[in-house]
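Here is a short walk through one protein model. Keep the sequence and the 3D view open side by side.

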Amino acid sequence: MAGNGFGALASVTLPIAQLGKYDAGVSEANAKLSGQKAELRRTEDRIRREVAQAFVRAETSLSQYELFTTTHIPQAEQALAVTESGYQTGAVDFLSLIDSLRQIEMVHTEHIEAQVEFEKAYADLARAVGRELPRPVEPRSKGTERHG
């Protein structure tokens, strides 16, 4: 052996020797990917459910609002007019007149409550969808069909 003080050493790592380590890393990455995909599906399902529930609430409260607008309020106003006429002619007593007034006030209050419920459901729907929604034409006339 020559004693000149120079030498070289080379080292090579073969991937075959570390195969178990790589397989574990791939398995871990696949498990994380599967977990993230499952979380995405849960989030999508939750959003779909929130949108569907808000839509049903909005549709129901809009129907109630329209029912008050097209049916209950006109009927209550007509009943009040008949009662007022009856009171003026003496055919109806004062308590019946007061009852008709109370009834029309209750119908108007329920009409406003239906409108409030629609606005809340509409806001929930916009939040669930994630953007502002176009406003419905108010109110739909009798016999208007819904397409959904």
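**From the loop to the pocket**

V92 sits in the loop between α1 and α2. The model is a predicted one. V92 is partly exposed, because its relative accessible area of 23% is not under the 20% that marks a buried residue. Its C-alpha atom is 9.5 Å from that of V82, and the two residues are 10 apart along the chain.

Now follow the two helices. Helix α1 covers residues 19-89. Helix α2 covers residues 94-129. Several C-alpha distances show how parts of the chain are placed. E77 belongs to helix α1. The C-alpha atoms of E77 and L101 are 9.1 Å apart, with their positions 24 residues apart in the chain. E77 has a relative accessible area of 41%, so it is partly exposed.

H111 lies in helix α2. Is H111 buried or exposed? H111 is buried, at a relative accessible area of 14%. The reason is the cut-off: buried means under 20%. The C-alpha atoms of H111 and Y65 are separated by 5.8 Å, although the two residues are 46 apart along the chain.

Next, look at the surface. Y87, F94, L95, I98 and L101 make a nonpolar patch of about 470 Å². Which helix gives the most to this nonpolar patch? Helix α2 does, with four residues. L95 is one of the patch residues, and its place is in helix α2. L95 has a relative accessible area of 63%, so it counts as exposed. The cut-off for that class is over 50%. L101 also belongs to the patch, and it is the residue paired with E77 in the C-alpha distance of 9.1 Å.

Turn to the charged side chains. How many salt bridges does the structure hold? It holds nine. Three of these pairs deserve a look, along with one network.

Begin within one helix. D45 and R48 form a salt bridge, and their closest N and O atoms are 3.1 Å apart. Both residues are in helix α1, three residues apart, so about one helical turn separates them. D45 is partly exposed, at 42% relative accessibility. R48 is exposed, at 51%. The class changes because exposed means over 50%.

Then cross between helices. D124 and R57 meet through their side chains in a salt bridge, 2.7 Å from N to O. D124 is in helix α2 and R57 is in helix α1, so this pair ties together parts that lie 67 residues apart in sequence. D124 is partly exposed, with 27% relative accessibility. R57 is partly exposed too, at 36%.

Another pair reaches past the end of helix α2. The side chains of R135 and E119 meet in a salt bridge, 2.7 Å from N to O. This pair links distant parts of the chain: R135 is in the segment after α2, E119 is in helix α2, and they are 16 residues apart. R135 has a relative accessible area of 45%, which makes it partly exposed. E119 is partly exposed, at 32% relative accessibility. Finally, R46, E50 and R127 are joined into one network by salt bridges that share partners.

The last stop is the largest pocket. Its volume is about 250 Å³. The lining has 12 residues. Which of them lie nearest the centre? They are F55, Y122, L125, P134 and P136. Helices α1 and α2 each supply at least two lining residues. The most comes from α1, with four residues.

What is the make-up of the lining, in nonpolar, polar and charged residues? Nine residues are nonpolar, none is polar and three are charged.

To retrace the route, start from V92 in the loop between α1 and α2. Go on to the nonpolar patch, to which helix α2 gives the most. Pass the salt bridge of D124 in helix α2 with R57 in helix α1. End at the largest pocket, to whose lining α1 gives the most.

Conventions:
Residues numbered from 1 in each chain as written. Predicted model: local features only at pLDDT ≥ 70, side-chain atom pairs only at ≥ 80, totals over all residues. Heavy atoms only, no water. Patch = residues over 30% accessible without salt bridge, like charges linked within 9 Å, V, L, I, M, F, W, Y side chains within 5 Å. Areas by Shrake-Rupley, 256 points an atom, 1.4 Å probe, with all protein chains shown as cover. Salt bridge = Lys/Arg side-chain N within 4 Å of Asp/Glu carboxyl O. Buried < 20%, exposed > 50% of the residue type's maximum accessible area, 1.4 Å probe, protein only. 1 Å grid on protein atoms, 1.4 Å probe; cavity = no way out; pocket = protein on both sides within 12 Å on 5 of 7 lines; lining within 4 Å. Points joined across faces, edges and corners; volume = space filled by probe spheres on them. Nonpolar A, V, L, I, M, F, W, Y, C, P; charged D, E, K, R; others polar.
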